[in-house]
Amino acid sequence: MIVIFMLIGISFILGAGALVSFIWAAKSGQFDDLERPAEEILFDDFFGRS
Amino acid sequence: MANLANAGPEVYDDRAARLFLWATLLWGIVGMSVGALAALQLAFWPANGGISWLTFGRIRPIHTDAMVFAFAGNAVFAGMYYSLQRLCKKRLFSDFLTSLHFWGWQAIIAATAVTLALGMTQGKEYAEMEWPIDLAIAVIWVVMCINVFGTIAKRRVEHLYVAIWFYIASIITIAVLHIVNNLAIPVGAFKSYSIYSGVQDALVQWWYGHNAVGFLLTTPFLGIMYYFLPKAVDKPVYSYRLSILHFWALIFVYIWAGPHHLLYTSLPEWAQSLGMVFSLVLIAPSWGGMINGLLTMRGAWHKVREEPVLKFYVLALTFYGMATLEGPLLSIKSLNLLSHYTDWTIAHVHGGALGWLGGMVFGMAYWLAPKLWNTELYSKKLANMHFWIATIGLLLYVSSMWTAGITQGLMWMATTEEGLLKYPNFLETVLALIPLYWVRMIGGTMYLAGSVLCVYNIYKTAKAGQPVDIEVDTSNDRHVAPRTFHERLEGKAFPLTALALVAVLIGGIVEFVPAFLLETKVPTVTATTPYTPLELQGRDIYIREGCYNCHSQMVRTHHKEELRYGPHSKDYEFLYDFNFQWGSKRTGPDLHRVGKKYPDLWHYRHMLDPRLTSPGSIMPSYPWLFDSKVDTSLLAAKLNGLTKLGVPYKDSVLQDPVAAYNEQADVIVATLAAEGITATNDLEIIAMIAYLQKLGTERAPDEASH
């Protein structure tokens, strides 16, 4: 049943990739402001013309 | 690498969203129509018109693949391409890649539909496409990834909104799942064998199957939900903090839950328990997301009365909550014993597909169309009518299938006081469901009718308006600020990480595959023999006709299963099953112990017309197996391919497979002749009988006694 270990390995690599992304995100300030990003998406559409 | 210093006007490419939206709606109609036909065939078997390529076993995969890859897939691309540009304040990376992605994907879908109708299939659920199409999918997926990551890399906003995180996780994971599950050795232009066999293939397949649902039908739509729902209610998401938590929790947990599709099978028990536990844990992030969505509607509930967009979103979130509670419950082993292989599974997926997916897609379509064509929606009234027809159809569908599933599950398990099966005749448990199959067909057709209204409504909207590409001026953006070299370098970490991950995975696969192939080359149990050339051809016909769509080949490890079908299936019995054929639904009985149970004549008559041997059967007749001759042109290539995968064929068989084929076929022909049936040894039915008679007959000597 080496395939189980292969899948576990791949799942761990995926998980590790997610962990690296999370650390990057947290360190680079992606989650510093948890209010404004939610509001901002409401205002970006029609600055030019409607 | 957010390009913050470079402020100025930006024209979005909304042609992408328009094209993918059309594709979503039109393929949706096709996929649902095929589904309605399949539903009709279960209630009224002659509805295939006696045509091979319209028979249930062939069209059910067309229906599921159309809904997954064409309806949901195109909807993801439409929603992602529309929202990504706004969230990054950047036009899509490359117009050429966008076009290539669009036309490539539509070509893949068309090719899938045609080849599946012709019976060219891998026989793995939701991964039926044969290897040339799989390769095309991989290429187009990479094209899309470059387009998406390129856009993100050139974005003009530093912050990656939560929707983008959901998109990224989805496209990376699907790429990995697709590659790992479809590794196969081609033996012909549209024929291949999976490099995995039996239990291993089952595990890989359901790791794929479960996560394809997770990362193609759940996470990208959650991304869409986090963008389109706040836009539709014009309020920020209830809790951005919760959405971040939702994302990370969901992706870390989801990937481990696959084995819940294989409870009570030959899969090692610890893997089953692992899958069950992680499935239960999944309730938490799923409901966190649902609650976050519903609470985003706070203060906007009065708008639901008027606004079809919000109606569909509420429907979607409600069914997301229901399906994500139902799924974990069905993963509990004791409940799964009852529900598995029954229509309860069908109810579960359609709650997800018609409620959650359909709700998100149609909500998004009604919100997008006026923006994409710069006009008003043609008719809100028609859209509201669509909502009610779809909702009633959905409820009829789901409740009839719940009832059918529980009814049949209980009938299978029912025993008398003497400990005998109360309903020993499987057919009896099927015929009890026919009225419910009619209700399901009506419910599904209502849902389809609602979708037709939607296409009409969007068409009229598009005709009334003009296609526009929105131009925005980002010079006033608060985020635009000069950056140091170091900050820019840091910004590159993200796409680099993603690309590195893909590279590592491909490397990992290349490393793992040979090691694991070595293992299969060492058969551990001598009881199992390879399929003879005749049986192999019969097996390929079994796969071609999609028999696995209605018949399982897995007697579960439970005494009531053994009471009905015989000794439970063992892992070594599937050693040479490239690809595995365990199935996931028993519209007909399990077939793993059918070998030698009936005489050849029985199978001959049964395939000619199932009602000759089983009065009232709803299985279609297979007359074409009695006219067509077996195509042995690939036989040598097939045997060579399987030998490479470690199947120990004798040299005599490899040198003259046709002789071995004829020798075995002649015996069956003679047996039939003794019963007064005239058949030639090259007919497909002969190979089919040989395969069916082999099933489950090779148990280890020490176990054959009990």
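1. Burial in chain B comes first: in this predicted model, buried residues account for 55% of the 706 residues in chain B. A residue counts as buried here when 20 or more other C-beta atoms lie within 10 Å of its own.

2. The overall dimensions of chain B can be read beside that figure. Its C-alpha trace spans about 90 × 50 × 45 Å along the principal axes. A compact globule with 706 residues would have a radius of gyration near 27 Å, and because chain B has 26 Å, the value agrees with that expectation.

3. The contacts of chain B bear on how its sequence is brought together, for among those with a separation of 6 or more, 84% are between residues 24 or more positions apart.

4. As for secondary structure, chain B contains 27 helices and four strands, and two of its strands, β2(B) and β3(B), deserve a careful look, since they form a hairpin with two residues between them. Strand β2 of chain B covers residues 184–188 and strand β3 of chain B covers residues 191–194, and the two run antiparallel, joined by four bridges. Within this pairing, Gly188(B) stands opposite Lys191(B), a residue of β3(B).

5. Chain A should be described separately, as it has 50 residues, of which 26% count as buried. In its secondary structure there are two helices and zero strands, so that a student looking for a hairpin should turn to β2(B) and β3(B) in chain B.

Methods. Residues numbered from 1 in each chain as written. Chains lettered and ligands numbered in written order. Predicted model: local features only at pLDDT ≥ 70, side-chain atom pairs only at ≥ 80, totals over all residues. Rg over C-alpha atoms; globule rule 2.2 N^0.38 Å. Buried ≥ 20, exposed ≤ 12 C-beta atoms within 10 Å, placed from the backbone. Contact = placed C-beta atoms within 7 Å. Pairing = 2+ DSSP bridges.
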